Amino acid sequence: MGNFGQLMDGFAVALTAHHVMIMAVGVLLGLVVGVLPGLGAPNGVSLLLPLTFTMDPISAIILLTSMYWGALFGGSTTSILFNIPGEPSSVATTFDGYPLARQGQAVRALTLAFTSAGIGALTGVIVITLLSSWVANFAMRFGAAEYFAVYFMAFASFIGMAGGSPFKTLVSMMLGFAAATVGIDTISGESRLTFEIDELIGGISFLIAVIGLFGLGELLLTMEEGLKFEGVKAKLDMRTILRTVAEVPRYWVTLVRSALIGCWMGITPGGPTAASFMSYALGRRFSRRGRNFGKGEPEGIVAPETADHSAGSCALLPMLALGIPGSATAAVMMGGLMIWGLSPGPMLFSTRPDFVWGLIASMYMGNLIAVVLVLATVPLFAYILRAPFTVVGPMITIVCVIGAYTVANHVFDIWLALAFGIVGYVFKKLDYPLAPFVLAMVLGDKAEDAFRQAMLTSDGSPAIFFSNALVSTMMGLGILLLCLPLITVLFKGGLFGRPAAGDAEAHGRSA
Amino acid sequence: MPKHALTAFALTLSVVVPTAALAEWKPNRPVEFVAAAGPGGGTDTFARVVQSALSKNELLTTPIIVSNKSGGSGAETFIYAKSNKGDPYKLYFGTQDAYVLPLANKLSYSQKDLTPVAAMVFDPFILWVNPKTSGIEDVKGFIAKAKENPGQLKLGGAKAKEADETLMTLIEHKTGVDLTYIPYKSGSEAAIQVAGGHITANVNNPSESVEQWKAGVQKPLCVFESERLADKTVIADGMSWNDVPTCVEAGIDVKTFAQPRTIWAAADIPPEALAYYTELFTKAAGTPEFKGYQERGAQIPRLLTGDAFKDFIKQHEATYAEIYKANGWLRAEQ
């Protein structure tokens with residue numbers, strides 16, 4: 001167990017008073033950054049980067065990663081309280097977190113999210129510890145076709161999830177793909193759907209869309225429903241937090257499944273956002289309480305949060321071992337590595353074991369500190385919901401507008417977010433699901449690039465998607481997931497005479 | 001317009017004439033460095049290294065903020081420059097993209113919207129393969145294999161119709177082979193695809209593939225420079241950068257194809273500010289931080305400012321325009 005010995009050396013590096021203090025500071029800064037939508041972990045980390053120039057690389061990376069953990073936790077807070085995802089990866093947390101908070105159980109929702117996130121993160125770090133040397137070689141096996149297969153699985157798991165009209169799911173997903181194509185195309189270098197508007201040449205930021213669709217869209221809906229806000233009932237006692245923490249192990253099946261999905265998507269190029277969506281979709285499909293998803297079901301919070309955080313931790317591994325960042329924040333950190341004079345790559349593990357294992361050890365500590373700190377903030381955040389809607393409503397609007405502007409300092413983005421707010425409202429009124437739209441926006445251009453790269457590599461032959469065991473297995477699983485609803489319906493239809501009706505209903509307010 | 005020109009003239013008079021001595025200008029509030037690439041990309045690293053060199057050596061004492069505007073392959077940065085005409089507190093970091101992007105795409109900025117400040121260093125290009133999966137050991141082997149399988153050899157690079165693809169078309173012209181280009185989001189991504197054996201070759205800056213070389217999954221075939229790289233420190237297989245032959249030596253007649261790391265300001269910034277920054281970046285190029293960055297990237301230390309830089313731009317743009325024309329990549333109205 002060479003890794004274990006090295007991990008212990010890593011703890012010796014990471015567990016100095018100086019480094020523990022850095023972790024706490026990083027986590028707190030990350031929380032602030034994560035709570036503000038638009039600012040997000042990548043921006044926060046790049047703001048902090050100049051401060052690290054004068055630090056030694058180990059302290060520097062500990063500061064940046066701790067901030068990342070803090071931001072990942074903070075991102076869920078606004079998802080649950082206001083239906084505004086602070087981070088792209090916490091979009092799926094809104095589906096059940098927000099309904100639960102509206103039922104007056106904000107404390108429970110937040111505690112569930114943070115505890116399961118902590119468990120997810122720790123699983124991710126354990127996977128990194130055990131598999132670090134193997135992952136680099138495994139990730140090398142991913143060519144364009146394999147990349148596409150990963151995305152295909154994420155999409156396939158989602159199509160089955162939509163219990164409502166498959167037509168509406170498809171429309172929503174296609175609109176998402178269209179939004180993802182805006183900007184300069186990687187493969188041809190041509191600009192697409194930009195209508196010669198300068199601000200569109202960089203594409204539509206996913207964060208802008210999410211702030212509009214979820215935050216502003218929900219606000220419009222709440223206003224129409226008569227300015228009711230159930231948060232007033234939120235109870236604020238420590239016992240609720242402790243009771244909820246004790247409740248989490250009950251969802252162990254969801255925890256294990258979600259952590260596995262998360263680690264898989266973090267190591268492969270899927271990333272935390274896709275991981276949280278996929279985990280939510282599969283949770284809904286396979287959980288016994290699946291039909292309650294979207295109505296404030298605890299498992300609907302546990303599933304995306306666990307996956308999000310295990311993917312977030314695992315995403316650091318391809319960055320260190322290959323120099324291919326698994327998430328936007330990892331990309332910023334990789335920039336930092338190069339400025340500190342380190343080159344990410346397969347040799348980093350042997351040339352700078354103190355750095356790599358110090359970092360991995362700090363991930364255990366950092367996440368532990370983050371969970372404790374973040375649980376301590378729960379009463380504070382839940383208290384906000386006690387304010388009447390006439391106060392909270394304008395506050396949400398301001399947060400949304402500032403968030404939209406912060407993404408790229410474009411005034412145009414504020415209008416774009418407002419437009420997305422109206423789209424979100426219309427979607428909900430007409431009962432179109434938002435989740436497929438969002439997923440297509442996140443993964444659309446990546447999936448498209450991978451598909452076209454694969455086609456270029458194979459000279460146009462689709463056989464490349466079944467050319468080896470790895471890609472064939474993934475495509476096979478994807479097709480199975482895609483057909484699963486059909487199989488289920490046929491099966492149930494044959495046995496009981498009619499398909500289950502609960503799903504369609506459950507979907508009503510989910511996305 | 002005439003009104004504008006008049007104001008500008010009056011301003012010039014009032015600013016330049018009384019304080020005739022140049023280099024009087026000094027920033028008194030934060031300076032923004034806008035990188036025309038996403039975090040972790042080559043241009044981003046460049047901007048941040050300059051930032052750290054300036055602040056660590058206290059060459060610039062006001063805060064420096066680095067932001068990324070990578071949209072539209074970096075065009076977003078230069079469009080942003082256009083909207084900040086005359087603002088000396090914003091500098092724009094890029095490559096040749098500043099003047100090459102408008103060749104192929106209809107963009108709302110042109111070179112007139114930018115003031116060239118400096119080219120601080122040049123990144124050479126290298127042709128890489130994975131010797132194990134491709135069985136290619138040198139340029140001769142590469143050309144032979146490409147001739148055997150016309151159109152079958154896959155060469156990867158960053159983005160479409162930019163430096164990497166341009167270089168590939170040059171290789172094709174000079175050697176008469178037919179390759180297939182596969183664009184990826186970044187050069188490092190293409191390098192990993194070669195290392196994993198999914199594609200045959202890639203063209204890249206040295207720093208993007210050096211770790212794969214050390215791990216034995218990539219091998220440099222030749223460098224697109226007129227002279228070999230200077231660094232003689234052994235890196236892998238008993239070879240140093242200096243042991244990599246030039247492509248001309250090895251049989252591909254492409255003399256030099258280096259990528260400048262450039263810094264720009266918006267149009268119409270005060271001449272004192274330009275003079276100040278020119279001196280500032282000249283100093284920055286001599287700092288240990290920047291030297292370390294050059295060595296790690298096996299870059300070619302060559303600093304261009306003022307007229308020398310302007311001449312270089314003119315000539316470099318013409319070279320690109322010629323290749324773009326031959327490839328049919330120029331945008332419609334040209």
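A crossing of two helices is right-handed if the near helix is turned clockwise from the far one by less than a right angle. With that in hand, welcome to a set of close-ups of a predicted model.

**View 1. Helices H2(A) and H4(A) cross in a right-handed manner.** Here we look at helix H2 (residues 17-35) of chain A and helix H4 (residues 57-82) of chain A, whose axes come within 6 Å. The two axes cross at roughly 35°. Sorted by class, the residues of the contact of H2(A) with H4(A) are 17 nonpolar and 11 polar, with no charged residues.

**View 2. H5(A) packs against helix H12 (residues 298-314) of chain A.** The axes of this second pair lie 5 Å apart, at an angle of about 35°. The crossing of H5(A) and H12(A) is right-handed. Charged residues do appear in this contact: there are three of them, beside 18 nonpolar and 12 polar residues.

**View 3. The largest nonpolar core has 265 residues.** Which residues touch the most other members of this core? They are A:Leu110, A:Phe148, A:Tyr151, A:Ala154, A:Ile208, A:Phe277 and, from the other chain, B:Phe93. Helix H5 (residues 91-140) of chain A gives the most to the core, with 22 residues. In soluble globular proteins, nonpolar side chains tend to be buried together.

**View 4. A:Leu110 and the residues it touches.** Zoom in on A:Leu110, one of the core residues that touch the most other members. Leaving out residues up to four places away in sequence, A:Leu110 touches A:Thr77 and A:Ile80. On the same basis, A:Leu110 also touches A:Val378, A:Phe381 and A:Ala382.

**View 5. Chain B meets chain A.** The contact draws 44 residues from chain B and 41 residues from chain A. On the side of chain B that touches chain A, at least two residues each come from helix H2 (42-56), helix H3 (75-83), strand E7 (180-184), helix H8 (187-195), helix H9 (206-214) and helix H12 (288-296) of chain B. Which element gives the most to this side of chain B? H2(B) does, with eight residues. By class, the side of chain B that touches chain A holds 13 nonpolar, 18 polar and 13 charged residues. For the model, the scores are ipTM 0.83 and pTM 0.86.

**View 6. A:Leu221 sits in helix H8 (residues 206-224) of chain A.** Is A:Leu221 buried or exposed? Neither label fits: A:Leu221 is partly exposed because 15 other C-beta atoms lie within 10 Å, and a buried residue needs 20 or more while an exposed one has 12 or fewer. Setting aside neighbours within four places in sequence, A:Leu221 is in contact with A:Tyr425 and A:Lys428. A:Tyr364 is 143 residues from A:Leu221 in sequence, and the two are 41 Å apart in space, C-alpha to C-alpha.

**View 7. A:Phe451 lies in helix H19 (residues 435-457) of chain A.** A:Phe451 has 19 C-beta neighbours inside 10 Å, so this residue counts as partly exposed. Between the C-alpha atoms of A:Phe451 and A:Pro304 the separation is 27 Å, and the two residues are 147 places apart along the chain.

**View 8. A:Glu196 and B:Glu58 have positive phi values.** A:Glu196 is not a glycine, yet its phi is about 55°. You will find A:Glu196 in the loop between strand E2 (191-192) and H8 of chain A, where it counts as exposed because it has 10 C-beta neighbours inside 10 Å. In the other chain, phi of B:Glu58 is near 55°. B:Glu58 belongs to the loop between H2 and strand E2 (64-68) of chain B. With 7 C-beta neighbours inside 10 Å, B:Glu58 counts as exposed.

**View 9. Confidence along the two chains.** Chain B has a mean pLDDT of 90, and chain A has a mean of 85. In chain B, 93% of residues reach 70 or more, and in chain A 93% do. Among the elements of chain B, strand E3 (residues 90-94) has the highest mean pLDDT (97) and helix H1 (residues 2-16) the lowest (49). Residues 9-21 of chain B stay under 50, and the model has three contacts for them beyond four places in sequence. Residues 495-511 of chain A also stay under 50, with 32 such contacts. Where pLDDT is low, the predicted coordinates should not be read in detail.

Notes
Residues numbered from 1 in each chain as written. Chains lettered and ligands numbered in written order. Predicted model: local features only at pLDDT ≥ 70, side-chain atom pairs only at ≥ 80, totals over all residues. Contact = placed C-beta atoms within 7 Å. Helix = DSSP H or I, 4+ residues; strand = E, 2+ residues; numbered from the N terminus. Nonpolar A, V, L, I, M, F, W, Y, C, P; charged D, E, K, R; others polar. Axes fitted to C-alpha atoms, helices over the stretch in contact; angles between N-to-C directions. pLDDT = per-residue confidence, 0-100. Core = buried A, V, L, I, M, F, W, Y, C linked by C-beta atoms within 7 Å.
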